[in-house]
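Please look through the sequence and the structure shown below, and keep both in view while reading. The report that follows moves from single residues to the metal site and then to a bound ligand.

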Amino acid sequence: MRIDLHTHSSVSDGTATPRELVTAAQGAGLDVVAITDHDTSEGWGEAAETAADVGITLVRGMEISTRHRGQSVHLLAYLPDPTYGPLMEGLQRILDGRNARVPAILERLREVGMPLDIEDVHRAAGATAAYGRPHVADALVAKGFVRDRDQAFAELLGNGRPAYVDRYAEPLTPMIRMVGEAGGVTVIAHPWGRHEPGAVGEEGLAALAEAGLAGIEVDHEDHDAATREELRAIARNLGLVATGSSDHHGLGKTGHDLGCNTTDPDEYHRLLELAKEAAAGSGRVTPEVLVP
Ligand code: AMP
Ligand code: FE
Ligand code: FE
Ligand code: ZN
C-alpha cells in the first residue's frame, strides 16, 4: 500500500487542479493520497469527486501556516471539520495576510527594476484561494524576468532576498488545539526542512506532543538521511506518528514527484485511529476518509 499524505493543487500553490492532482496520484500507483493545500479546504470537493471517479483513497487535509518562537512552522491538519468557527477564522486571518502581502512584494520588485501589476499575479495565480510567493514567481516568469520559480526564490523572493516580505501566521500551539477541537489531527510538516530550520527541536516537539500533536513528517525531500533517522527516533520516543510524503506541487517544485516519499501503512492507520478519537471527542461532523 503506497500512501502520500502531503500534496498541493492549484487551489494553493500547486500547478495541477485538484482533479488533475488526484488523477495523477492514481496514475502514479498511489493507493492513498491526501490533498493538503495551504490554509484552505477549497479543493476538497473536487478532489473527493475525482477520488471516487478514478478509484483512490482520499484523505482531506490542509497545511496551515503557523509561527512558533518567531519562526515559520507548517502544520498539516487532517480531517478537521472545516466549518468549525475558530478554525475558519484562523484560516481567514492567514489568507488575509497572504493577500495583504502581495502588493508589498510588488513594491519591492518595482524597487529592483522588475515591475509587475497585481493583475499579472492574479493571471498567473488562476483560481487560487491562497496567494503565495510561487504565484508572484510565476508572474515574474511570464514577464521574462526569471527562468523559473527556483530562480525567483533564490534571487528575489526567498527569505533574506530583496523582495522578501513576511506575512501573518497563526500561533502554533493554539492551532494544534483548535484542529483537535475541530475533530482533526495534526502533523508537523518538514520540521527540520530548509525553510524552517531550528524552530522546533526535540524538546519543542515533546511540548507539542503534550499539546496534542499527533505526528511528525519524517520522510520529506528537505530531510537528509541522518535527519530522517534522528526525527524517526524522536517520533518513536514521544509516541508520535511518523509520516512520509512528497509535498508535491505539480510542475511548481522540482524533486517532489508524487510518492517520492511514502507513509508506512501502520503509521497511517495509527494516524487514522487518532483522527477517529479526535472526531469522537470533538462532537463535530468531520470528513470521512474516502475509500473507493
Ligand atoms: P508563501 O506561502 O507565499 O510564503 O511561499 C512559500 C511557498 O513557496 C512554499 O509553500 C513552498 O512550497 C514554495 N517554495 C519555496 N521555495 C521554493 C522554490 N525554490 N521553488 C518553488 N517553490 C518554492
Ligand atoms: Fe507550497
Ligand atoms: Fe510546507
Ligand atoms: Zn507543503
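In which loop is His-190 found? In this predicted model, His-190 is found in the loop between strand 6 and helix 8. Because its relative accessibility is 4%, and buried means under 20% relative accessible area, His-190 counts as buried. The backbone of His-190 also deserves a careful look, since its phi is near 25 degrees, a positive value in a residue other than glycine. Most residues other than glycine have a negative phi.

Asp-247 is another residue with a positive phi, here near 55 degrees, and Asp-247 is likewise not a glycine. Asp-247 lies in the loop between strand 8 (241-244) and helix 10 (265-282). With a relative accessible area of 2%, Asp-247 is buried.

**The iron site**

Which residues coordinate the iron ion (ligand 3)? The donors are Glu-63, through an OE atom, His-74, through ND1, and His-190, through NE2, and they sit at 2.1 to 2.2 Å from the metal. Read along the sequence, the spacing of these donor residues follows the pattern E-x10-H-x115-H. The two histidines link distant parts of the chain, for His-74 belongs to strand 4 (residues 71-78), whereas His-190 belongs to the loop between strand 6 (185-188) and helix 8 (202-210), and their positions lie 116 residues apart in the numbering. His-74 is buried, as is His-190. There is also an iron ion written as ligand 2, and a distance of 5.6 Å separates the iron ion (ligand 3) from the iron ion (ligand 2).

**The surroundings of ligand 1**

Which residues come nearest to ligand 1? Of the 15 residues around ligand 1, those that come nearest are His-38, Arg-101, Arg-133, Arg-167 and His-249. Sorted by class, the shell around ligand 1 holds eight charged, five polar and two nonpolar residues.

Several side chains place a nitrogen or oxygen atom at a short listed distance from an atom of ligand 1, and the table sets these pairs side by side.

| Residue | Atom of ligand 1 | Distance |
|---|---|---|
| Asp-13 (side-chain N or O atom) | oxygen | 3.1 Å |
| Arg-98 (polar side-chain atom) | oxygen | 3.2 Å |
| Asp-150 (side-chain N or O atom) | nitrogen | 3.0 Å |

On its own, ligand 1 has 500 Å² of accessible area, and the protein covers 90% of that area. The elements that contribute two or more residues to the shell around ligand 1 are helix 3 (85-111), helix 5 (133-142) and helix 6 (149-157). Helix 6 gives the largest share of this shell, namely three residues. Seen by domain, the shell around ligand 1 draws at least three residues from domain 1 (3-91 + 169-282) and at least three from domain 2 (96-157).

**Buried and partly exposed residues elsewhere**

Is Thr-50 buried or exposed? Thr-50 lies in helix 2 (residues 44-54), and because its relative accessibility is 0%, Thr-50 counts as buried. Thr-50 and Pro-18 are 32 residues apart along the chain, and their C-alpha atoms are separated by 8.0 Å.

Ile-64 lies in strand 3 (residues 57-68), and Ile-64 is buried, with a relative accessible area of 0%. From Ile-64 to Ala-189 there are 125 residues in sequence, while the distance in space, C-alpha to C-alpha, is 9.4 Å.

The picture changes with Glu-202, which is placed in helix 8 and which is partly exposed, with a relative accessible area of 44%. The C-alpha atoms of Glu-202 and Ala-235 are separated by 9.4 Å, and these residues are 33 residues apart along the chain.

Asp-117 has its place in the loop between helix 3 and helix 4 (118-125). Why is Asp-117 counted as partly exposed? Its relative accessible area is 42%, and therefore Asp-117 falls between the 20% limit for buried and the 50% limit for exposed residues. Asp-117 and Gly-14 are 103 residues apart along the chain, and a distance of 22 Å separates their C-alpha atoms.

Key: Residues are numbered from 1 along each chain as its sequence is written. Chains are lettered from A and ligands numbered from 1 in the order in which they are written. This is a predicted model: local features need pLDDT of at least 70, side-chain atom pairs count only at pLDDT 80 or more; totals for chains, interfaces and linings use all residues. Side-chain values use heavy atoms; hydrogens and water are left out. Donors are N, O and S atoms within 2.8 Å of the metal (3.2 Å for Na, K and Ca); water is not among the atoms, so sites may look incomplete. Helices (H or I, at least four residues) and strands (E, at least two) are DSSP runs, numbered from the N terminus. Buried means under 20% relative accessible area, exposed over 50%, partly exposed in between (1.4 Å probe, protein chains only). A residue is near a molecule or strand if one of its heavy atoms lies within 4 Å of it. A polar contact is a pair of N or O atoms within 3.5 Å; within protein, one must be able to donate a hydrogen and the other to accept it, and residues adjacent in sequence count only if both atoms are side-chain atoms. Accessible areas come from the Shrake-Rupley method with a 1.4 Å probe; for residues, only the protein chains shown count as cover. Ala, Val, Leu, Ile, Met, Phe, Trp, Tyr, Cys and Pro count as nonpolar, Asp, Glu, Lys and Arg as charged, and the others, Gly among them, as polar. Domain bounds come from an automatic or database domain assignment.
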